[in-house]
Amino acid sequence: MPQWPWLHPASAAARRATPSVFRRRRCSSVCASAHSNHAREQEDEKSLVVVGGGAAGVYASIRAKTLAPHLNVVVIEKGKFLSKVRISGGGRCNVTNGHHLEPSGLARNYPRGHKELRGSFFNTHGPRDTMRWFSDHGVELKTEDDGRVFPVTDNSASVVDCLLNEARRLGVSLQAGKSVSSASVNNDGKFVLKVEKRTVDFVDYLNANYVLVATGSSQQGYSFAAQHGHTVIPPVPSLFTFKIADKRLADLSGVTFTKVKAKLMLDSIQKKAPELTQTGPLLVTHWGLSGPVVLRLSAWGARELYQDKYQAKLMIDFIPDIHIEDVKRIIFQHKDKHAKNKVNNSFPTEFGLVKRFWRFLLEQESLDGDMHWATVPKNHLNAIALRLKQWMFEVVGKGQFKDEFVTAGGVPLSEISLSTMESKQQPNLFFAGEVLNVDGVTGGFNFQNAWTGGYIAGTSIGTLASSSNLERHACLQLEAS
Ligand SMILES: Cc1cc2nc3c(=O)[nH]c(=O)nc-3n(C[C@H](O)[C@H](O)[C@H](O)COP(=O)(O)OP(=O)(O)OC[C@H]3O[C@@H](n4cnc5c(N)ncnc54)[C@H](O)[C@@H]3O)c2cc1C
């Protein structure tokens, strides 16, 4: 483990045994000649404390330390490092998305952030850069048909191990099980962070020149932001499944549809909202509807759904590629051709429906499965066609907590410089990841926001620290000459 450059070797071991504290020494001008060069080097070491050891925090710490090896970088994590990365994507970790590589197209996948992120943000570090970074660091990735990118191992541990090993190799101090409970600025403009351990009676104070808040959706992160003059857009859940008020749906539990078109209708949205119509796979669960199409709708409607207490209407077109008139025509042609067959056993294959769903449709029309096609009244067949094209469901709630993947809300992007991730309210305070009012739909977009924000913040802090280091060396040289 590399030693802290500002510690004497003899005291380093002792210091490592106890929580490290950036003891603030009195900072004099870099060119003051009263100190030895060694003493001044210690005094002028810059420090970064990253609050939160998730994707954004760890990625940022690596970037900052890569650019400024002399910078003391500590990441404080209240739980376990990269715990969400570990459980993400069903344990496989959907690292990013390989189908949306250009900033403007990519940004369209962020219900909060789609306008702000289409410029320099993803241009600086987009999915291609993320993929290159991981492959350069030994994690081979693959892009699946739907664009989701995973490690070829199908194991998130590859991503977690890579990030933690790289951080350790560079000399980032990773401190787990400690929580930053407050962050203030002292008279010298330095941050003083109060660090606590939940399990034992432990309080420590860290001083830092730079602080990166990468706390995800934790309440503490929002409190830090508010403490430093930021507003916080109230957090609400995004990416959840829909609870549907139709007990009969339970009979279809487990049935999937590869492509449906679903339109979400909310009382609080009267205007046209194209994002509230989505096309994609749908899954029926024992208590409602799920799958990418529902998750996307939940994200685009997250705020309004919250406002409307998760009461909405959902209209589903189960065969979006076939026009209603053609659906009717196909059904009536089938009736003529299969007049002597039982409706239960014979149905139009053009719709790509599974038998279970067809039988379910018959039940909805109170049709006996043993009746022959010839005897089915015309109005029932028209009704089946209508159901297939515009079945209305009542959404009466959202899925349980475990289905929630991200939080909409947080620090508004207008209060952050997106080219540096620095706060516009407080110099040297940075934000990255989910703590900001950014969230994406499923498909690797949420991690991409964390990697990009972390990379930009790490670059800004590393550059600031390096330039102050260069300045100091220039002074020392000037003094020596
Ligand atoms: C089950 C699940 C699966 C997901 N799967 C995917 C996926 O496959 N692809 C994808 O793109 N997105 C996925 N997401 C979303 C993704 O995990 C998040 O968007 C992403 O982790 C955000 O990164 P972050 O670093 O901003 O926040 P987090 O990963 O939440 O990290 C923040 C960290 O800060 C720590 N912390 C908070 N407050 C403090 C404090 N005061 N002191 C110290 N530490 C603190 C927390 O313990 C946490 O570890 C998934 C989310 C969940 C819940």
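The largest share of the shell around the ligand comes from H4, with 5 residues. That shell belongs to a predicted model. Other elements join in. Helix H3 (55-67), strand E2 (72-77), helix H4 (83-91), strand E7 (178-185), helix H9 (219-227) and helix H15 (445-480) each give the shell at least two residues. The shell holds 35 residues, and Gly52, Gly54, Ser88, Gly216 and Gly433 come nearest to the ligand. By class, 18 residues of the shell are polar, 13 are nonpolar and 4 are charged.

Now step back to the whole chain. The protein has 481 residues, and 42% of them count as buried. It is built with 15 helices and 21 strands. Consider contacts between residues at least 6 apart in sequence: 73% of these join residues at least 24 apart.

Start with H3, one of the elements that supply the ligand shell. H3 packs against helix H8 (residues 157-170); their axes come within 10 Å and cross at roughly 30 degrees. The crossing of H3 past H8 is left-handed. Which residues make the contact between H3 and H8? On H3 they are Val58, Tyr59, Ser61, Ile62, Lys65 and Thr66. On H8 they are Leu163, Glu166, Ala167 and Leu170. The residues of this contact divide into 6 nonpolar, 2 polar and 2 charged.

E7 also supplies the ligand shell, and it leads into a sheet. Strands of a sheet pair through backbone hydrogen bonds, in a parallel or an antiparallel way. Here the sheet is open, has 3 strands in the order E7-E8-E9, and pairs antiparallel. E7 and strand E9 (202-208) are the edge strands, each pairing on one side only. On average, neighbouring strands of this sheet are turned by 25 degrees against each other, direction ignored.

Follow the sheet strand by strand. E7 pairs with strand E8 (residues 191-197) over 7 bridges, in the antiparallel sense. Val185 has Phe191 in E8 as its bridge partner, and Ser179 stands opposite Glu196 in E8. The hairpin of E7 and E8 has 5 residues between the strands, and there Gly189 takes a positive phi near 80 degrees. Next, E8 and E9 run antiparallel and are joined by 7 bridges. Their hairpin connects through 4 residues. Glu196 appears again here: its bridge partner in E9 is Val203. Glu196 is thus placed opposite Ser179 and is also bridged to Val203.

A barrel comes next. How many strands close into the barrel, and in what order? There are 6, in the order E12-E15-E14-E13-E16-E17, and the pairing is antiparallel. From one strand to the next, the twist averages 50 degrees. Within the barrel, strand E13 (residues 256-265) and strand E16 (residues 312-317) pair in the antiparallel sense over 5 bridges. Ala262 stands opposite Ile316 in E16.

Finally, a helix lies across several barrel strands. Helix H10 (residues 292-300) lies across strand E12 (242-244), E13, strand E14 (277-284) and strand E15 (288-290). H10 runs at about 130 degrees to E14.

Technical notes:
Residues are numbered from 1 along each chain as its sequence is written. This is a predicted model: local features need pLDDT of at least 70, side-chain atom pairs count only at pLDDT 80 or more; totals for chains, interfaces and linings use all residues. A residue is near a molecule or strand if its C-beta atom, placed from the backbone, lies within 6 Å of it. Ala, Val, Leu, Ile, Met, Phe, Trp, Tyr, Cys and Pro count as nonpolar, Asp, Glu, Lys and Arg as charged, and the others, Gly among them, as polar. A residue is buried if 20 or more other C-beta atoms lie within 10 Å of its own, exposed if 12 or fewer, and partly exposed in between; C-beta atoms are placed from the backbone. Two residues are in contact if their C-beta atoms, placed from the backbone, lie within 7 Å. Two strands pair if DSSP finds at least two bridges between them. Axes are lines fitted to C-alpha atoms, for helices over the stretch in contact, and angles run from 0 to 180 degrees between N-to-C directions. A crossing is left-handed if the near helix is turned anticlockwise from the far one by less than a right angle, and right-handed if clockwise.
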